[in-house]
Amino acid sequence: MSEYHTPVMLNECIEGLNIKKDGTYVDVTFGGGGHSREILKHLGADGKLLAFDQDADAQQNLIDDERFVFIDQNFRYLKNFSRLHGAIPVDGILADLGVSSYQFDQADRGFSIRFDAELDMRMNQLGELTAKDVVNNYTAAELHRIFGIYGEIQNAKSLAETIVTARLNAPIVTIADLKNAIVNRIPRGKENKYLAQVFQALRIEVNQELEALKEFLAQSAEVLAVGGRLVVMSYHSLEDRLVKNFIAKGKFSGEVEKDLYGNDNKPFDAVSRGAITASEDEIKNNNRARSAKLRIAVKK
Ligand SMILES: C[S@@+](CC[C@H](N)C(=O)[O-])C[C@H]1O[C@@H](n2cnc3c(N)ncnc32)[C@H](O)[C@@H]1O
């Protein structure tokens with residue numbers, strides 16, 4: 001399990017869930033199952049755990065336990081599948097966003113700038129859109145938008161134009177093709193950071209990560225019991241901003257709405273002030289924990 005993925009802020013997440021022995025919990029990002037196993041340890045015989053993962057490879061970590069149900073779906077369908085399994089209302093939901101270490105380390109999945117492989121980046125191997133499709137078929141304006149917004153890349157416009165020009169000669173099929181095509185756009189001395197931003201943008205687009213997160217967050221408010229906990233860990237500012245705004249305001253942008261009596265109209269109260277980050281010790285042992293931001297909320 002730990003080779004597949006080392007769970008980040010395990011104790012903090014478990015504390016955040018405030019687990020009741022006979023409660024029903026959902027881990028929407030099962031991965032290596034590290035968080036799920038710990039949740040099960042805190043549940044009694046009548047407790048229940050549903051776990052989602054859209055990557056078929058995560059199923060190599062399935063847990064043999066009658067309190068555990070695995071759902072091989074995107075967490076944007078949280079409400080439908082929780083209802084199907086008779087699990088609503090649930091007492092706590094955990095989301096540990098993004099890709100697992102395993103997914104990064106599989107060269108052929110195309111997530112990592114360390115390897116050469118086809119431009120894929122699908123978390124769900126049955127998904128229709130690949131990074132190759134994005135790079136070869138999107139217009140310059142669409143590429144500009146995703147590199148600018150999802151990658152927060154300074155020269156997003158010229159990067160997009162460079163890709164559109166390069167693919168006139170031959171399709172950009174592999175990671176090496178992409179690196180070669182954009183080599184003149186990459187600031188010297190900042191190669192890894194720049195490429196990581198390019199890859200982040202493509203990955204977010206391929207997996208529609210922000211749309212899925214928004215749908216999941218909105219449904220979490222409908223699925224949780226009053227007093228239930230929402231625990232979300234994110235690894236970049238775009239995700240964290242959505243989580244933060246949703247907890248604080250019940251929406252993803254703009255100001256909180258008021259009801260007829262002037263009370264805030266929002267489904268959650270924050271449990272922790274600000275985001276919780278990993279300890280220095282954990283970061284020393286697991287570099288992935290460095291960028292993690294954990295937010296915990298309680299359903300009103
Ligand atoms: C960071 S890992 C989770 C690691 C896990 N907490 C552990 O302890 O091993 C994220 C996992 O969530 C899955 N995932 C990401 N977005 C998803 C989505 N929208 N729907 C379903 N699964 C998703 C990925 O395939 C990956 O396996």
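Me: A residue is near a molecule if one of its heavy atoms lies within 4 Å of it. Which of the 24 residues around the ligand come nearest?

Reply: Quick note: this is a predicted model, where local features need pLDDT of at least 70 and side-chain atom pairs count only at pLDDT 80 or more, while totals for chains, interfaces and linings use all residues. Residues are numbered from 1 along each chain as its sequence is written, and side-chain values use heavy atoms, leaving out hydrogens and water. Of the 24 around the ligand, the nearest are Gly32, His35, Asp53, Phe75 and Asp96.

Me: Which ligand atom does the side chain of Asp96 approach?

Reply: Polar contacts here are N or O pairs within 3.5 Å. Gly32 uses a backbone N or O atom, 2.8 Å from a ligand oxygen, and Gln103 has a polar side-chain atom 2.9 Å from an oxygen too. For Asp96, a polar side-chain atom sits 2.8 Å from a ligand nitrogen atom.

Me: And how much of the ligand's surface does the protein bury?

Reply: Areas come from the Shrake-Rupley method with a 1.4 Å probe. Taken alone, the ligand exposes 610 Å², and the protein buries 98%.

Me: How many aromatic pairs are there, and what is the geometry of Phe30 with Phe70?

Reply: Rings of Phe, Tyr and Trp (its six-membered ring) pair if their centres lie within 6.5 Å; planes under 30 degrees apart are stacked, over 60 edge-to-face, the rest tilted. That rule gives six aromatic pairs. Phe30 and Phe70 are 5.5 Å apart centre to centre, with 70 degrees between the planes, making the pair edge-to-face.

Me: Which residue follows the cis peptide bond from Ile88?

Reply: Most peptide bonds are trans. The one after Ile88 is cis, with omega near 0 degrees, and leads to Pro89.

Me: What is the phi of Asn18?

Reply: Most residues other than glycine have a negative phi. Asn18 isn't a glycine, yet its phi is positive, at about 50 degrees.

Technical notes
A polar contact is a pair of N or O atoms within 3.5 Å; within protein, one must be able to donate a hydrogen and the other to accept it, and residues adjacent in sequence count only if both atoms are side-chain atoms.
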